[in-house]
Amino acid sequence: MTGPGGTRVLSLDSLVRIQRGRLTPDAPRRLPVPDGMTAPMGCDAVAVPARFGPLVLPRLPRVGCVYADDAHWWWLVPSDSDYALEWPAPAHYAAGAVLPGPPAGTDAAGLPGLIHRPDGTLPYTPPIPLYLALCGLTGTTPVWSRPVTA
């Protein structure tokens, strides 16, 4: 949100979230849904090595919230977007948008920075186009195109 004169104003929810993070240093690092956006289907995240990030973007018909740090780019997707899918390596699926490991090139809160925010109120990148883009980049056959074994 922005206030008069273009200054950034934090909502009460943001301030509470920041304070909770300071009080519980062992709490999992979770990618936030930006202020003014809602996640009615819950939120998970898909990460790829940073070198793949710029290659994935032009392959997507719609891009939701994308976060980046020195090592990875993270896309917010609806919860359970891993159902019946094997995300291709080196992608990493993070249920609950919880980040693994220690921070690497992150902001003061230990989180990757938001590098893309879509218009509207939904933070999601559609998971199937993201999955197909990653399959194409990694040379992986989508799970539904693989031979069936008995």
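# Exercises on a predicted chain

Read from start to end, this chain runs α-β-α-β-β-β-β-α. That pattern holds 3 helices and 5 strands. Keep in mind that the model is predicted.

## Exercise 1: The chain as a whole

Work out what share of the residues is buried, and how the contacts spread along the sequence.

Solution.
- Start with burial: 37% of the 150 residues count as buried.
- Now take the surface. The accessible area is about 8,700 Å², and carbon and sulfur atoms hold 59% of that.
- Then look at contacts between residues at least 6 apart in sequence: 74% of them join residues at least 24 apart.

## Exercise 2: Proline 123

Find where proline 123 sits, decide whether it's buried or exposed, and list what it touches.

Solution.
- Place it first: proline 123 lies in the loop between strand 5 (113-116) and helix 3.
- Check the area next. Buried means under 20% relative accessible area, and proline 123 has 0%, so it is buried.
- Setting aside neighbours within four places in sequence, its contacts are Val33, Met37, Thr38, Ala39, Cys43, Gly64, Cys65, Leu76 and Pro118.
- Pick one of these, alanine 39: 84 residues separate it from proline 123 along the chain, yet their C-alpha atoms are 6.8 Å apart.

## Exercise 3: Looking for disulfides

How many disulfides does the structure have, and what is the situation of cysteine 65?

Solution.
- Searching the whole structure turns up 0 disulfides.
- Cysteine 65 is therefore in none: its nearest cysteine sulfur belongs to cysteine 43 and is 7.7 Å away, while a disulfide needs the sulfurs within 2.5 Å.
- As for burial, cysteine 65 has a relative accessible area of 0%, so it's buried.
- Cysteine 135 comes in at 2% relative accessibility, so that residue counts as buried too.

## Exercise 4: Serine 81 in its loop

Say where serine 81 is, whether it's buried or exposed, and which residues it touches.

Solution.
- Serine 81 belongs to the loop between strand 3 (72-77) and strand 4 (92-94).
- Its relative accessibility is 9%, so it counts as buried, given that the cut-off is under 20%.
- Leave out residues up to four places away in sequence, and serine 81 touches Asp44, Trp87, Tyr93 and Pro127.

## Exercise 5: The aromatic rings

Count the aromatic pairs, then describe the pair made by tyrosine 131 and tryptophan 144.

Solution.
- The count is 4 aromatic pairs.
- For tyrosine 131 and tryptophan 144, the ring centres are 5.4 Å apart and the planes meet at 45 degrees. Under 30 degrees would be stacked and over 60 edge-to-face, so this pair is tilted.
- The two residues are 13 apart in sequence: tyrosine 131 is in helix 3, and tryptophan 144 is in the segment after helix 3.
- Burial splits the two partners. Tyrosine 131 is buried at 0% relative accessible area, whereas tryptophan 144 is partly exposed at 47%.
- Step back to the wider group: Trp87, Tyr93, Tyr131 and Trp144 make up one aromatic cluster.

## Exercise 6: A patch on the surface

Which residues form a nonpolar patch on the surface, and how much area do they have together?

Solution.
- The patch is made of Ile128, Leu132 and Trp144.
- Together these residues have about 290 Å² of accessible area.
- One of them is Trp144, found in the segment after helix 3 (127-138). A patch residue needs over 30% relative accessible area, and tryptophan 144 has 47%.

Terms used:
Residues numbered from 1 in each chain as written. Predicted model: local features only at pLDDT ≥ 70, side-chain atom pairs only at ≥ 80, totals over all residues. Heavy atoms only, no water. Patch = residues over 30% accessible without salt bridge, like charges linked within 9 Å, V, L, I, M, F, W, Y side chains within 5 Å. Areas by Shrake-Rupley, 256 points an atom, 1.4 Å probe, with all protein chains shown as cover. Salt bridge = Lys/Arg side-chain N within 4 Å of Asp/Glu carboxyl O. Helix = DSSP H or I, 4+ residues; strand = E, 2+ residues; numbered from the N terminus. Buried < 20%, exposed > 50% of the residue type's maximum accessible area, 1.4 Å probe, protein only. Contact = heavy atoms within 4.5 Å. Phe/Tyr/Trp six-rings, centres within 6.5 Å; stacked < 30°, edge-to-face > 60°.
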